[in-house]
Amino acid sequence: MRNIKRPKPKQSKITEKAIIAHNIDTGNNNPVFSFRHVCENHCLLSTWQAGELTELLGTFKLMESLTWNQLVTNRHKGLDFRKEDNYTKPLPPVVSPDVDVCRVKVCEKKRLWGYRAGQVFRILWFDRLHEVVPYHKQKRN
């Protein structure tokens with residue numbers, strides 16, 4: 001009887017390590033922040049005053065103390081983290097229009113805007129005057 005050579009299975013060009021790294025669930029990780037895509041034309045951090053910057057820093061620290069699962073499920077109601085579709089400012093050119101833009105409440109009026117990419121919250125706008133989604137109180141009669 002003759003030995004028949006069996007073909008070797010083809011090797012994937014993508015390494016197993018890369019596949020595992022890509023599929024990691026980051027929900028139990030804490031957020032980290034990226035300022036790479038901050039808009040240079042709208043809602044600039046440079047317009048914030050000292051006390052407002054203190055509030056913003058407190059928001060960053062609070063977000064960092066939570067996991068993404070806790071943040072997304074709004075286990076901390078004060079941050080009111082949520083997806084928002086009706087923003088009025090244009091996305092920076094390097095940002096895909098397919099991203100889910102989210103807001104974070106800094107205080108009663110101020111908001112932080114960005115989107116999540118894995119464990120990273122990529123900041124887009126520092127909105128101190130409700131410019132991204134204008135807020136209008138309705139007058140009661």
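## Burial and the predicted model

A residue counts as buried when its relative accessible area is under 20%, and as exposed when that area is over 50%; partly exposed residues fall in between. The model described here is predicted. By this cut-off, five of the seven residues of strand 4 (residues 111-117) are buried, so strand 4 is largely enclosed by the rest of the structure. Across the protein chain, buried residues make up 35% of the 141 residues.

## Overall arrangement

The protein chain contains three helices and five strands. Read from the N terminus, the order of elements is α-β-α-α-β-β-β-β. Among contacts with a separation of 6 or more, 59% are between residues 24 or more positions apart. The protein chain exposes about 10,500 Å², and carbon and sulfur atoms supply 51% of that area.

## Strands 3, 4 and 5

Strand 4 pairs with strand 3 and with strand 5. Strand 3 (residues 101-105) runs antiparallel to strand 4, and five bridges join the two. One of the paired positions is Arg-103, whose bridge partner in strand 4 is Trp-113. The connection between strand 3 and strand 4 is a hairpin of five residues. Within strand 3, Cys-102 is buried, with a relative accessible area of 8%.

Strand 5 (residues 120-127) also pairs with strand 4 in the antiparallel sense, over seven bridges. Here Leu-112 has Phe-126 of strand 5 as its bridge partner. Two residues lie between strand 4 and strand 5 in their hairpin, and Gly-118 in the turn has a positive phi of about 70 degrees. In a regular strand, side chains alternate between the two faces of the sheet.

## Nonpolar cores

In soluble globular proteins, nonpolar side chains tend to be buried together. The largest nonpolar core in this model has 16 residues, of which Leu-112 and Phe-121 touch the most other members. Helix 2, helix 3, strand 3 and strand 5 each give two or more residues to this core. A second, separate core holds twelve residues, including Cys-39, Val-99, Tyr-115 and Val-133.

Leu-112 thus appears in two roles: as a bridge partner of Phe-126, and among the members of the largest core that touch the most others.

## Cysteines

How many disulfides does the model contain? The count is zero. Cys-43 is in no disulfide, and the nearest cysteine sulfur, that of Cys-39, is 7.6 Å away. A disulfide requires two cysteine sulfur atoms within 2.5 Å, so a pair at a greater distance is not counted. Cys-43 itself is buried, at 7% relative accessibility.

## Salt bridges

Side chains of opposite charge can pair when their charged atoms come close. Seven salt bridges are counted in the model. One of them is between the side chains of Glu-52 and Lys-110, at 3.8 Å from N to O. Glu-52 belongs to helix 2 (residues 50-65) and Lys-110 to the loop between strand 3 and strand 4, so this pair ties together parts 58 residues apart in sequence. Both partners count as buried: Glu-52 has 12% relative accessibility, and Lys-110 has 10%.

Glu-52 also meets the side chain of Arg-128 in a salt bridge, at 3.0 Å from N to O. Arg-128 is in the segment after strand 5, 76 residues from Glu-52 in helix 2, and the pair links these distant parts of the chain. A network of salt bridges connects Glu-52, Glu-55, Lys-110 and Arg-128.

## The segment around Gly-78 and strand 2

Gly-78 sits in the loop between helix 3 (68-72) and strand 2 (82-83). Is Gly-78 buried or partly exposed? At 43% relative accessibility, Gly-78 counts as partly exposed. Its C-alpha is 6.9 Å from that of Lys-105, although Gly-78 and Lys-105 are 27 residues apart in sequence.

A further salt bridge joins the side chains of Asp-80 and Arg-82, at 2.7 Å from N to O. Asp-80 is buried, with a relative accessible area of 19%, whereas Arg-82 is partly exposed, at 38%.

Key
Residues numbered from 1 in each chain as written. Predicted model: local features only at pLDDT ≥ 70, side-chain atom pairs only at ≥ 80, totals over all residues. Heavy atoms only, no water. Helix = DSSP H or I, 4+ residues; strand = E, 2+ residues; numbered from the N terminus. Buried < 20%, exposed > 50% of the residue type's maximum accessible area, 1.4 Å probe, protein only. Contact = heavy atoms within 4.5 Å. Areas by Shrake-Rupley, 256 points an atom, 1.4 Å probe, with all protein chains shown as cover. Pairing = 2+ DSSP bridges. Salt bridge = Lys/Arg side-chain N within 4 Å of Asp/Glu carboxyl O. Core = buried A, V, L, I, M, F, W, Y, C linked by side-chain atoms within 4.5 Å.
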